[in-house]
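Trainee: I'd like a close look at one part of this fold, with the pieces that surround it. Walk me through it slowly, please, and keep it informal.

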Amino acid sequence: MALKNLPDKGLLTYYADESDDKKTYVLSSVAVPTLGASEVNVPIEWDMYLNAAQEWRRKLRDKFGIPVRKELKGSKLATGRNAYQPRGKRLYGQKAIDAYAFALRELSFLPDASIFSVTCERSYSLYGHTRLEAALYAMLQRMQRKCSGERRAALIFFDEGHGEYRRLFRQAKKHLPTGSKQGAWSDGKATKSVPLTHMLKDANFKDSKQSLFVQIADLVAYATLMKLRLEYGRLSEREKRLSVATLHDEIPRETLNERVDYSSSDGIKRLK
């Protein structure tokens, strides 16, 4: 696609990662502006957000000693199963939760409405898809809606290890059944196909060790899982003691995309 033919509001890049406890499945994404919109030239915006993400990691190092080149994973940080301290020592207990909360609070450098998550339970099925594939299906629907409404194109990157995501993405480029929030479309049908016309290229994969934005998606996904475990009464005593379920509340409210679910304002679409 020639740059002159990009939708007039430019290009986004989505980064997505998942978390689950074999009962509840969460997929979270972060949208990063990549190319701006201009009839004369196309400003590159992605570098500005990368610089901000690098500064975010430096703040985390300076306050909590987490090396900037260590891959951040929400589960490892929250449980203490990590080597996030100098000389490979562990960061655990309340200090680890404090570091996690700080990392989420400092995501204010991200654009408004750039973070959202989709979640479902193990038994849930969406157009024949279950678990993380069901979450991805619903996520793609919302990405298409956002890009269409904002007149943007988009790329998407997933953490490595989920080849099934590419298969589902390719299907969605051709056929993506989507429901209407009014209950039916103008023709009276409950669904219609709204394929990923605003998504460029194929689904992409990125080693999370090499992507700060995939790591951010991972932190959001695990914090979301903990919030849901509280809702479903499945928190362990340790998780209760450390208040891990409140981590999601540390994400700056303006960065959450509240429009993914009109019945809640926490940027989480609960598939039921």
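**A helix crossing and the sheet**

Mentor: Let's start with helix 1 and helix 6, which cross in the left-handed sense. Keep in mind that this is a predicted model. Helix 1 covers residues 46-64 and helix 6 covers residues 212-231; their axes come within 10 Å and cross at roughly 60°. That angle lies outside the 65 to 115 degrees range for roughly perpendicular and isn't under 35 degrees either, so helix 1 and helix 6 count as oblique to each other. On the helix 1 side, the contact is made by Trp 46, Tyr 49, Leu 50, Ala 53, Gln 54, Trp 56 and Arg 57. Helix 6 answers with Leu 212, Phe 213, Gln 215, Ile 216 and Leu 219. Sort the contact between these two helices by class and you get 9 nonpolar, 2 polar and 1 charged residues.

Now for the sheet. It is an open one, built from 6 strands with mixed pairing, in the order 9-6-1-2-3-10. Strand 9 (204-206) and strand 10 sit at the edges, each pairing on one side only. Going from one strand to the next, the twist averages 25°. Helix 5 (residues 163-174) packs on this sheet, where it touches strand 1 (11-20), strand 2, strand 6 (153-159) and strand 9. The direction of helix 5 makes about 155° with that of strand 9.

Zoom in on strand 3, residues 115-121, and you can see both kinds of pairing. With strand 2 (residues 24-35), strand 3 pairs in the antiparallel sense over 7 bridges. To find your place there, look at Tyr 25, which stands opposite Cys 120 of strand 3. With strand 10 (residues 268-270), strand 3 runs parallel, and 3 bridges join them. Here Thr 119 stands opposite Arg 270 of strand 10, while Val 118 has Lys 269 in strand 10 as its bridge partner. How covered is strand 3? Mostly: 6 of its 7 residues are buried.

Key. Residues are numbered from 1 along each chain as its sequence is written. This is a predicted model: local features need pLDDT of at least 70, side-chain atom pairs count only at pLDDT 80 or more; totals for chains, interfaces and linings use all residues. Side-chain values use heavy atoms; hydrogens and water are left out. Buried means under 20% relative accessible area, exposed over 50%, partly exposed in between (1.4 Å probe, protein chains only). Helices (H or I, at least four residues) and strands (E, at least two) are DSSP runs, numbered from the N terminus. Two strands pair if DSSP finds at least two bridges between them. Axes are lines fitted to C-alpha atoms, for helices over the stretch in contact, and angles run from 0 to 180 degrees between N-to-C directions. Angles under 35 degrees count as roughly parallel, over 145 as roughly antiparallel, 65 to 115 as roughly perpendicular and the rest as oblique. A crossing is left-handed if the near helix is turned anticlockwise from the far one by less than a right angle, and right-handed if clockwise. Contact means heavy atoms within 4.5 Å. Ala, Val, Leu, Ile, Met, Phe, Trp, Tyr, Cys and Pro count as nonpolar, Asp, Glu, Lys and Arg as charged, and the others, Gly among them, as polar.
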